[in-house]
Amino acid sequence: MNSSRINNILAIILIPLFLIAIYLVFYYAPVEQILGFSQKIFYFHVPLAWNGLLGFTIVFVASIAYLRTQKKIYDIVAHSAAEIGIIFTTLVLITGPIWAKPAWGTWWTWDVRLTTTLVLWLLYVGYFMLANSVEEEGKRGRFSAVYGVIAFIDVPLVFFSIRWWNSIHPVIFNTPSSGGMQLDPQMKVAFFFSLFVFTVLFAVLMTLRIKLGKAEEDLIQLKEGS
């Protein structure tokens, strides 16, 4: 079974997977006692954040590979991952305030996790601004790759920010005694299933975007050869 067929199957099963995730989040998982129904956004916010960071990590790895080999495929992978990472991170910055308002009493605060995430979003918006400003193919690839490596510095800062500095943002996977969120077994099932579904969505989007990038590159080469 080739990769295209696998991706088509994953795309088809995404609909029932999302329906199951919605059921688990809104009907199976209990309502959190303190935050109430607004806590449900957690099941979408965190998977979006994790996959956004995954996208930017792929940018980092693909950028290094491009600088070492100069192969166009790695540039395509990096740009594809950056696009999807920006989409996911944009949704993180939208869903976060929805949770923050009832939890903290404000839509936004310059907490270290929120600030580093906003900086991360701006960095990768800058990634595309740089790529679009350079016309020469070779330079564009090299500049984008170097920028993709440097911009990655903020990814571990986002992840470890609530562990390294004082933050009001909850830590998800630490124990409750160390500041982590306490989830009962039903909440854990809903959360990890939602994380799985969003990861499948990320994989499908990545595959489709890379295929599109390859097609665009083939079209450019055909135009140059004609």
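## Overview

Of the 226 residues in the protein chain, 42% are buried, where buried means under 20% relative accessible area, exposed over 50% and partly exposed in between (1.4 Å probe, protein chains only). This is a predicted model, so local features need pLDDT of at least 70 and side-chain atom pairs count only at pLDDT 80 or more, while totals for chains, interfaces and linings use all residues. Residues are numbered from 1 along each chain as its sequence is written, and side-chain values use heavy atoms, with hydrogens and water left out.

The fold is easy to list: seven helices and zero strands, running α-α-α-α-α-α-α from the N terminus on. Helices (H or I, at least four residues) and strands (E, at least two) are DSSP runs, numbered from the N terminus. Among contacts with a separation of 6 or more, 76% come from residues 24 or more positions apart; a contact means heavy atoms within 4.5 Å.

## Helices α2 and α5

Start with α2, which has 28 residues and reaches 40 Å from its first C-alpha to its last, close to the 40 Å expected at 1.5 Å a residue. The expected span is 1.5 Å times one less than the number of residues in the helix. Right after α2 comes Q70, with a positive phi near 65 degrees.

Helix α5 (residues 137-151) passes the same kind of check: its 15 residues should span 21 Å, and its end C-alpha atoms are 21 Å apart, which agrees. Its buried residues are G141, S144, A145, G148 and A151. They sit on the same side of α5, because they cover an arc of only 135 degrees around the axis; that arc is taken from the directions from the helix axis to the C-beta atoms. The cover over them includes α2 (42-69), α3 (72-104), α4 (112-133) and α6 (154-164).

## Helix α6 and R113

In α6, the buried residues are D154, V155, V158, S161 and I162. These also share a side of their helix, since their arc around the axis is only 150 degrees. They pack against α2, α4 and α5.

V158 turns up again with R113, a residue of helix α4. A polar atom of the R113 side chain lies 2.7 Å from the backbone oxygen of V158. R113 is buried yet has no salt bridge, and D111, the nearest side chain of opposite charge, is 6.5 Å away. For charge, Lys and Arg count as positive and Asp and Glu as negative; His and the chain ends are not counted.

## Two salt bridges

Side chains of opposite charge can pair when their charged atoms come close. A search of the whole structure turns up two salt bridges, each defined as a side-chain nitrogen of Lys or Arg within 4 Å of a carboxyl oxygen of Asp or Glu.

One joins K72 and D75, with the closest N and O atoms 2.9 Å apart. The two are three residues apart in helix α3, so about one helical turn separates them. K72 is partly exposed at a relative accessible area of 25%, whereas D75 counts as buried at 8%.

The other is between the side chains of R209 and E83 (2.7 Å, N to O). R209 lies in helix α7 (residues 185-225) and E83 in helix α3, so this pair ties together parts that are 126 residues apart in sequence. Here R209 is buried, with a relative accessible area of 16%, and E83 is partly exposed at 28%.

Definitions and conventions
A polar contact is a pair of N or O atoms within 3.5 Å; within protein, one must be able to donate a hydrogen and the other to accept it, and residues adjacent in sequence count only if both atoms are side-chain atoms.
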